[in-house]
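Subject: Structure for you to look at

Hello,

Here is the structure I promised to pass on. Please open it alongside this message, and I will go through what turned up.

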Amino acid sequence: MTIDVIIPALNEEKSIGLVLQHLTRNLLRTIYVVDNGSTDRTGQIAALHGAIVLVQPRRGYGSACLKALEYISNLPESQKPDVIAFLDADFSDDPQDLIRMINKLKDNELDLVIGSRVLGHAEKGSLTTVQRFGNSLSTWLIKKLFSYSFTDLGPFRLIRYQALLKLGMKDPDYGWTVEMQVKAALQKLKTAEVPVNYKKRIGKSKVSGTIRGIFGAGSKILYIIFKSYVKG
């Protein structure tokens with residue numbers, strides 16, 4: 001099973017090297033770091049650690065992910081991955097948890113595995129009160145409207161490439177994770193969660209660290225949930 005990793009990154013020169021150092025490379029084929037308009041040395045450091053660095057000037061988490069998927073889609077069929085992993089570049093996720101996530105996906109023949117910070121151990125202060133409330137509300141709504149149970153919308157996740165293609169991901173920014181989970185529910189994908197460790201990020205969050213980010217993410221998440229329910 002070939003596994004590629006996509007890591008969106010914006011001004012993460014202090015953390016991207018640590019993330020890449022702690023990934024278990026023998027389990028992975030290619031690591032893509034998408035420089036999302038950084039003004040520091042994020043791209044250079046990622047390249048020094050063996051990642052393929054892609055550039056997406058249009059800022060937004062989803063935009064970065066879509067850039068990497070576009071690159072992968074242009075590879076010969078024989079070079080397409082079986083599975084794609086997504087994680088953050090700020091070293092808040094524990095890259096070693098990817099091992100358990102891979103095992104969960106393989107052993108249970110799943111399509112999508114979410115790394116749940118809620119079920120796992122979140123370092124004090126790593127998840128804000130607003131984030132916890134937003135997670136609870138969003139996952140409650142998904143359960144009520146789509147009959148799928150999740151505890152988290154965390155970015156750390158693993159999905160089979162062919163299943164990902166069927167979802168037709170489009171959101172360019174805050175709604176990327178919830179779009180994936182809602183569409184997975186609509187497509188009746190086989191999903192599960194794995195408890196993961198979560199710690200305070202290195203540097204300032206582009207979402208929870210600003211008022212604009214908090215309201216932008218919250219409104220986009222709710223919009224995607226209700227829009228998807230109405231459209232069916």
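Let me start with the charges: the chain carries 32 positive and 22 negative ones, and their mean positions lie 5 Å apart. Lys and Arg count as positive and Asp and Glu as negative, while His and the chain ends are not counted. Each charge is placed at NZ of Lys, CZ of Arg, CG of Asp or CD of Glu.

Before the rest, a word on the source. This is a predicted model, in which local features need pLDDT of at least 70 and side-chain atom pairs count only at pLDDT 80 or more, whereas totals for chains, interfaces and linings use all residues. Residues are numbered from 1 along each chain as its sequence is written, and side-chain values use heavy atoms, with hydrogens and water left out.

**Overall form**

The chain has eight helices and seven strands; these are DSSP runs numbered from the N terminus, with helices being H or I of at least four residues and strands E of at least two. Along the principal axes, the C-alpha atoms fill a box of roughly 45 × 40 × 30 Å. The radius of gyration is 16 Å, which agrees with the value near 17 Å for a compact globule of 232 residues. That radius is taken over C-alpha atoms, and the globule rule is 2.2 Å times the number of residues to the power 0.38.

Of the 232 residues, 52% are buried. Here buried means under 20% relative accessible area, exposed means over 50%, and partly exposed is in between, using a 1.4 Å probe and protein chains only. About 10900 Å² of the chain is exposed, and carbon and sulfur atoms supply 55% of that area; the areas come from the Shrake-Rupley method with a 1.4 Å probe, and for residues only the protein chains shown count as cover. Among contacts (heavy atoms within 4.5 Å) between residues at least 6 apart in sequence, 76% join residues at least 24 apart.

**The cores**

A nonpolar core is a set of buried Ala, Val, Leu, Ile, Met, Phe, Trp, Tyr and Cys residues joined through side-chain atoms within 4.5 Å. The largest one has 36 residues, and Ile6, Phe86, Ile142, Leu164 and Met180 have the most contacts inside it. Elements that each supply at least two residues of this core include β2 (30-35), β4 (83-86), β5 (112-116) and α8 (211-231). The largest share, six residues, comes from α7. Another core, of 30 residues, lies apart from it, and among its members are Ile16, Val19, Leu158 and Val194.

Helix α7 is worth a look in its own right. Ten of its eleven residues are buried, including Trp176, Glu179, Gln181 and Lys183. Leaving aside neighbours within four places in sequence, Met180 is in contact with Phe86, Leu112, Arg157, Ile159, Leu164, Leu167 and Met169.

**Two positive phi values**

Which way do the two loop residues here face, buried or exposed? Phe91, in the loop between β4 and α4 (97-107), has a phi near 65 degrees, positive in a residue other than glycine. Phe91 counts as buried, at 14% relative accessibility. Lys188 sits just after α7 with a positive phi of about 60 degrees, in the loop between α7 and β7 (191-195). Lys188 is exposed, with a relative accessible area of 59%.

**Three more places to visit**

Ile202 is in the loop between β7 and α8 and counts as partly exposed at 26% relative accessibility. Beyond its neighbours within four places in sequence, Ile202 is in contact with Glu12, Lys14, Ser15, Leu18, Asp90 and Phe91. Its C-alpha is 7.2 Å from that of Ser92, although the two are 110 residues apart in sequence.

Asn135 lies in helix α5 (residues 129-146) and counts as buried, at 5% relative accessibility. With neighbours within four places set aside, Asn135 is in contact with Arg117, Val118, Thr151, Asp152 and Leu153. The C-alpha atoms of Asn135 and Leu153 are separated by 6.3 Å.

Gly17, in helix α1 (residues 16-22), is buried with a relative accessible area of 7%. Leaving aside neighbours within four places in sequence, Gly17 is in contact with Ile45 and His49.

Best wishes
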